[in-house]
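Student: I am new to this structure. Please take a close look at how the helices of the second chain pack together and what lies between them.

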Amino acid sequence: MKKLNIFIFCILILLFYTSEVLAADHYYDNNWVINCEALTKNWGIRNFSHELRTHEACNYLPNQYFLFYREVNVFWYPKQYAAPELWYNVGVNEKFKDVSGNTLGTIGINDWTSMSWILPIGQKVNGGYNSEDFYFSSLSSKYAVYQTIVDASDLYWPLFTDKQITL
Amino acid sequence: MKIIKNHYLFLSLLCLTLIIAFLYIDKGVTWQKELDNSSPELRNNIHFKLGTELKQSVNLDQNDIYIALINNEHISQNEWQYNKTFEVMKSKERNWSAPNNETIFNEIVERKLIVDKAKQTGLYPNKDEIDKFIKEQKILMKSNQDIQSLLNGWMITEAEYINFMQEIWADSIAIEKWYDNIIIPQINTTLLEDLNAYEEEYTRITNLELSKLKDNAKIIITDEGNDLGILYK
């Protein structure tokens, strides 16, 4: 009896995972190079360009709902910021809205990514990996807003850049 | 007795839950504020305000008053006021606690010590390098709203701003070269695979090199510096 229970449990787990994989109906990949410049104390206007990559996949569920999964990576090119005495920080906020602009879901405060580095010269650093599942109705159209935030010790005010995708 | 103990346990758990919930709500509010802080109008206002404060504190007609001498370098009263206004206003706008005079002064002293060393070792930028940097800045300034708001608040022209900033920019280039030539080559390249280890080593070597510069430094606070309440330990 005990062995049968374990067997059934394993089958259920297997079914759960295969259903997730098989039901991945759509995916969207986006890649933005974000060019931004801002006022600093010791360098005048400084370039803080970075790259945002997102991967989003939808799994359709019964009752017109779908499971929405996404991951975010921020790529940061330190060579341009060469002044190594500075600290740098880039974060990502994200929110999902319906066509009327009502927020459907946001990334949790503990999930949004923040990095503070002294970056090795000439190295390409990536970070900001983040993922979360959302349950949304598939009936109404919606869009996602990704916001990157760049900050540095020499920067007077952080840089905010919004990027929008219609789903 | 057991019931009373259970009550205490329940109340403790309840308090803990409320504290955690409060912290989450607080963080949520902070995050929302960050989103609101992204408006271009707010950004312009903030830079305009910085400009108006700089107008009050920096006197561009009087560039020959020095508050401190650092080896062969000097800190002008205008450079001090520029740094202080920038840092204090930045902290105020961001709701951070403002840095004290000592912290701001120490940061400038470290810059001057590196600049002094850079000049001795041929790392200070030549005229062509400085002119190239200024040319790039002129192009960037044309399309940047931050600087336009700052200049409007400060009520000075682009040429006056460049004239004031060019020594600070030249120092920044020298400092960057000092890091590239003195600090980076001392770091074991295998540490590049581990950012935390790299950062630790980077900080250790930087502090070591800075302490060497400080040990041999000759730092004099002038009467004008004393009047402004500047202390150096």
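Tutor: What follows describes the helix packing of chain B, starting with some conventions.

This is a predicted model, in which local features need pLDDT of at least 70 and side-chain atom pairs count only at pLDDT 80 or more, while totals for chains, interfaces and linings use all residues. Residues are numbered from 1 along each chain as its sequence is written, chains are lettered from A and ligands numbered from 1 in the order in which they are written, and side-chain values use heavy atoms, with hydrogens and water left out.

Chain B has nine helices and three strands. Both are DSSP runs numbered from the N terminus: H or I over at least four residues for a helix, E over at least two for a strand. Read from the N terminus, the order is α-α-β-β-α-α-α-α-α-α-β-α. Of the 233 residues in chain B, 36% are buried. Buried means under 20% relative accessible area, exposed means over 50%, and partly exposed lies in between, with a 1.4 Å probe and protein chains only. A contact means heavy atoms within 4.5 Å. Among contacts in chain B between residues at least 6 apart in sequence, 68% link residues at least 24 apart.

Now the interior. A nonpolar core is a set of buried Ala, Val, Leu, Ile, Met, Phe, Trp, Tyr and Cys residues joined through side-chain atoms within 4.5 Å. The largest one has 31 residues, and B:Leu50, B:Tyr82, B:Ile147, B:Leu150, B:Trp154 and B:Tyr161 touch the most other members. Two or more residues each come from α2 (40-57), α3 (77-93), α5 (127-142), α6 (145-154) and α7 (158-183) of chain B. With eight residues, α7(B) gives the largest share of this core. Leaving aside neighbours within four places in sequence, B:Ile147 is in contact with A:Leu39, A:Ile45, B:Met141 and B:Tyr161. A second, separate core has 24 residues, including B:Ile108, B:Ile184, B:Leu210 and B:Leu213.

Next come the helix pairs. Two packed helices are described by the angle between their axes and the distance between the axes. Axes are lines fitted to C-alpha atoms, for helices over the stretch in contact, and angles run from 0 to 180 degrees between N-to-C directions. Angles under 35 degrees count as roughly parallel, over 145 as roughly antiparallel, 65 to 115 as roughly perpendicular, and the rest as oblique.

The axes of α2(B) and α6(B) come within 6 Å and cross at roughly 40 degrees, so α2(B) is oblique to α6(B). The crossing is right-handed; that word applies if the near helix is turned clockwise from the far one by less than a right angle, and left-handed if anticlockwise. Among the residues making this contact are B:Leu50 and B:Leu54 of α2(B) and B:Leu150 and B:Trp154 of α6(B). The contact of α2(B) with α6(B) has five nonpolar, eight polar and three charged residues. Here Ala, Val, Leu, Ile, Met, Phe, Trp, Tyr, Cys and Pro count as nonpolar, Asp, Glu, Lys and Arg as charged, and the others, Gly among them, as polar.

Helix α7(B) also packs against α3(B), at an angle of about 85 degrees with the axes 12 Å apart; the two are therefore roughly perpendicular. B:Asn78, B:Glu79 and B:Tyr82 of α3(B) meet B:Phe164, B:Met165 and B:Ile168 of α7(B). By class, these are four nonpolar, one polar and one charged residues.

Against α4 (residues 101-120) of chain B, α7(B) packs at about 75 degrees, with the axes 9 Å apart. This pair, too, is therefore roughly perpendicular. The contact includes B:Ile114 and B:Lys117 of α4(B) and B:Ile175 and B:Trp178 of α7(B). Its residues divide into eight nonpolar, one polar and five charged.

B:Trp178, in helix α7 of chain B, counts as buried because its relative accessibility is 2%. Not counting residues up to four places away in sequence, B:Trp178 touches B:Ile114, B:Lys117, B:Leu123, B:Ile183, B:Glu209 and B:Leu213. B:Lys117 is 61 residues from B:Trp178 along the chain, and their C-alpha atoms are separated by 8.3 Å.

Finally, two loop residues. Most residues other than glycine have a negative phi. B:Asn95, in the loop between α3 and α4 of chain B, has a positive phi of about 60 degrees, and with a relative accessible area of 66% B:Asn95 is exposed. B:Asn71, in the loop between β1 (66-70) and β2 (73-76) of chain B, has a positive phi near 50 degrees and is partly exposed at 28%.
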